[in-house]
Structures are given as structure tokens and as C-alpha cells.
Amino acid sequence: MLTTAPRGTKDILPDTSGHWQYIEETAYTVCRTYGYSEIRTPVFEHTELFLRGIGETTDIVDKEMYTFTDRGERSITLRPENTAAVVRAFLEHKLYAGPQPTKLFYMGPMFRYDRPQAGRYRQFHQFGVEAIGSKGAAIDAEIIVLAVQFLRKLGLNELKLNINSVGCPQCRPVYRTRLQEFLKEKVTAMCGDCQSRFDRNPMRILDCKKEACTALSQGAPQMVDCLCDECQAHFSQLKDLLTAADVEFVLNPRLVRGLDYYTKTAFEIQYSPLGAQSAVCGGGRYDGLIEECGGQPTPGIGFAIGLERVLLALEKQNLLPQAKNDIDLYIAPLGENAQAPAFRLLCQLRQEGIACDMDFLNRSLKAQMKYANKYPAKFVAIIGEEEVQQNKVMLKNMETGEQQLIDMDTIQQQFKAERKG
Ligand code: HAM
């Protein structure tokens, strides 16, 4: 227990942290290009925010939240997603008073108590983007293109973008009634989850992955056929814009998404080689969420990408960069008297931005050379008794094997020159 991380969590160790930095830097670069600024919100929020925001009939709220009462008797939840928290921060800090739309992105851990498997964890990381304040389809297209460009920039090409429109409070109730009408005879043969969804959230039945339920819901009426004029126009504009941007998409009328706040556009990006957990990105429009959280009616749209899944996809395709731990110089002190001059040199060179390290285990010269090779280090500065007395170091070029005795006080300049040469 003491030496095992909780189920569904993962340590990110030095051999993979570079991969995470690579993905995160790519996200920063893409967001900068699109004019999105970073927002960092707490990893926990008042439970009420998620109950209201995500919706009480969703699996996330129903079964997956990490909720506890803190010492001040408040109900607190580790964020299962970040859209509701971003909206909370948008209202709390009156970001609507700034330039509009408010374009934000975030990266960080999310928490869901689900059954862990490859690509599904209890603590996982999302890169998410939210654009709040514009109702036009152009911002929907921008958000989708951003997600696609991020994934493509990493080298992932076998992407399938599914889009749908889930309507609005005007047209959805009409559809809901039609859907219930279609399902009412069939629902008793469906799984327990679908049976309870029938009254609470019948559209989620279309999203059930169980074979029997999928078969029974074949031929169900589709939301896209029941859209009001406004939703219809919005959806058709979005399709035109995606086509103009050369982004291929598939119309998927069964795409419902697992959060209640969606209106109009809903989308997912699948990377099928990942198998069961192939959704790398999910998002959509949430025009009612800001009002639900206590603000003025304000439209919004966003997505979140699961970074563990992106990492798995990049691993599968061999697209991850080689780890780079190499250093410019390894300092090899020999004996007690060499310790202080070696350490002084180490500190001076590091201040100059030269990547270097030294032996901290009193190893033999042979062992130190072996260690420096493993790093790998471009140069090794050997400091033995004699060098200490002469205030010099023996600088060895690890590539050519060349050695030269140089002045300790001038090593900075000489070393820099060696590096250039
Ligand atoms: P979501 O579809 O629940 O949407 O999650 C987005 C992505 O997070 C998924 O496509 C998946 O890649 C990743 N993900 C979700 N759960 C797990 C898990 N247990 N383990 C590993 N990865 C996971 C949202 O979270 C919305 N907030 C997205 C959004 C932003 N909509 C509008 N704005």
C-alpha cells in the first residue's frame, strides 16, 4: 500500500516527463497562434458547481465524482472536467468585461471514479480550450480546427472528426418526445442504465455502447431532422466553414456526449487505433451554462483533449521525440581536496548557463567516466590532486578523446570556445 499509487493513477517518471513537456509545449504554441490565453483554476470546487453545470442525470455526476466534506463542513469535489470551473472563474472575475470573445485554454489533472483500463484513468490530464461570448458558427469552426491542428502538429493523421447538433431548448423537447415515443416499446429489453435514462435523459440511450441497446435503437428519429431553423442554419454554416478549412468530418447523428450542458454543436475526435478508449477529444457548444451558473445569458464553446490518450497514440505511431538528457560537461573530482574546487567550478558554469553535473558519490575515475558517457556528456573535466595544486583541470573531449590541461580560472571562456568549435 505504502509503495503503490492509488488505482487508476500514474506516476510520470523522468523517462516520460519529456514527452509530456513536448505535448504541453505544442499545445502552448498552437494556443498562442490562435490567440488563446492560459487560465489555471483550482483542482477542487464546490460540489454544487458540477451538479448544476454538468447535470445531475449524467454518469459523471451520478457515479464518478470524488466528493468529500472538508473540515469546514463544505461539500467539495475534485474537478471531473474543467468547463464548469472556467465558467465559474469567468463570472467571478468578470472576464466578460474584457475583450470578447474570451478565449481561454488550460492543462491539468481531472478526476473521475471510473473502472480503470488502458486509456481510462481516475486521475487523467486534459488540454482544454473554451471560447466564451460568441454565438456564431465561425467560433465553433475555429475551436474544431484548433483541436485538429494540435493533433496533426504532433503527427497524428488517422483522425476521425464526428460532428452533430444536439439542438437547443426550443427544438430538443420536441425531439425528446419523438424519441421516447420510438423507444417506449423497446426500452424494457435494454440495459439497466438505458432504462433509467429513458425518463431522465433519453438521448443518452443513443450513445450506449452495448450491442443489444445499439440494435434496439436502430432507426430512431435523429436530432438533426428535428432542429429548429436557427439550429439548422448554425449547423449548416459550421459544415461550410469546416469544408472551407479543409477539415474532413463525419456526420454522426448518434453523437450525444456525456455532459448535459451541450447545445447545438457537439463533436468528438476519434483515433481508432486506440481501440475501446479511442476518443481523444470531446467538445461542443454550451449556450445555457453561463446562465445556469448565475451569469447573464452568454454563449460558449470548447473542447478537451485527453493527454494520456494522445500519448498512447503517439507511442503507438512511434512519434515521440527521443529523451534529451545530455549535458555539456561532467566534472570528475578525485579525492577529498578536489571537492571544493570542483563544486565551485560547477556553480560558476551553471550560472553561465552551461549544463553540467559532477560526481556526488566519490566514485573512481573509471566509474565516473562510465557515468559521464551514459549521460552523455560532451566533455569531462578531471580534477585530481595535481590539478588542484596547479589550479588546472584536465578537459577531455568525449567525442574525440582529446585531452588538454587548462587553467581553472579560464575554463569558462575556454570551455565556451570549445563548445563553439
Ligand atoms: P469529455 O468528453 O468528458 O469532455 O472529456 C474529454 C476527453 O478527456 C475525452 O475525449 C478523453 O480523451 C479524456 N478523458 C475523459 N475521461 C477520461 C479518463 N477517465 N481517462 C483518460 N482520459 C479521459 C469534457 O471533459 C468537456 N469538459 C469538454 C468540453 C470543453 N466541452 C466544452 N468545453
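Begin by selecting the ligand together with Glu130: a nitrogen atom of the ligand is 2.8 Å from an N or O atom in the side chain of Glu130. The model on display is a predicted one.

**The ligand and its polar partners**

Keep the ligand in view and add Thr83, whose side chain has an N or O atom 2.9 Å from a nitrogen atom of the ligand. Next add Tyr261, where a polar side-chain atom lies 3.0 Å from a nitrogen atom of the ligand. If a surface is now drawn, note how far the ligand is enclosed: on its own it has 650 Å² of accessible area, and the protein covers 94% of this.

**The shell around the ligand**

Expand the selection to the 25 residues around the ligand; those that come nearest are Glu81, Glu130, Arg257, Tyr262 and Ala279. Colouring the shell by residue class separates 11 nonpolar, eight polar and six charged residues.

Switch to a cartoon representation to see which strands take part. Strand S6 (123–132), strand S10 (279–285) and strand S11 (300–306) each supply at least two residues of the shell. Which strand gives the most to the shell around the ligand? It is S10, with six residues.

**Arg257**

Now select Arg257, one of the residues that come nearest to the ligand. Arg257 lies in the loop between strand S8 (250–251) and strand S9 (263–270). Is Arg257 buried or exposed? Its relative accessible area is 10%, under the 20% cut-off, so Arg257 counts as buried.

Display the side chains of Tyr262 and Glu268 as well. The side chain of Arg257 makes a polar contact with that of Tyr262 at 2.9 Å, and another with that of Glu268 at 3.1 Å. Tyr262 is also among the residues that come nearest to the ligand.

**A nonpolar patch on the surface**

Leave the ligand and select Phe343, Phe360 and Leu361, which make a nonpolar surface patch of about 350 Å². Phe343 is found in helix H12, residues 339–351. With a relative accessible area of 42%, which falls between 20% and 50%, Phe343 is therefore classed as partly exposed.

**Pro14 and Ala323**

For the last stop, select Pro14, which is found in helix H1 (residues 14–34). Pro14 has a relative accessible area of 71%, over the 50% cut-off, and so is exposed. Add Ala323 and show the two C-alpha atoms: Pro14 and Ala323 are 309 residues apart in sequence, while the C-alpha to C-alpha distance is 9.3 Å.

Terms used:
Residues are numbered from 1 along each chain as its sequence is written. This is a predicted model: local features need pLDDT of at least 70, side-chain atom pairs count only at pLDDT 80 or more; totals for chains, interfaces and linings use all residues. Side-chain values use heavy atoms; hydrogens and water are left out. A residue is near a molecule or strand if one of its heavy atoms lies within 4 Å of it. A polar contact is a pair of N or O atoms within 3.5 Å; within protein, one must be able to donate a hydrogen and the other to accept it, and residues adjacent in sequence count only if both atoms are side-chain atoms. Accessible areas come from the Shrake-Rupley method with a 1.4 Å probe; for residues, only the protein chains shown count as cover. Helices (H or I, at least four residues) and strands (E, at least two) are DSSP runs, numbered from the N terminus. Ala, Val, Leu, Ile, Met, Phe, Trp, Tyr, Cys and Pro count as nonpolar, Asp, Glu, Lys and Arg as charged, and the others, Gly among them, as polar. Patches are made of residues with over 30% relative accessible area and no salt bridge: like charges are joined within 9 Å, nonpolar side chains (Val, Leu, Ile, Met, Phe, Trp, Tyr) within 5 Å. A salt bridge is a side-chain nitrogen of Lys or Arg within 4 Å of a carboxyl oxygen of Asp or Glu. Buried means under 20% relative accessible area, exposed over 50%, partly exposed in between (1.4 Å probe, protein chains only).
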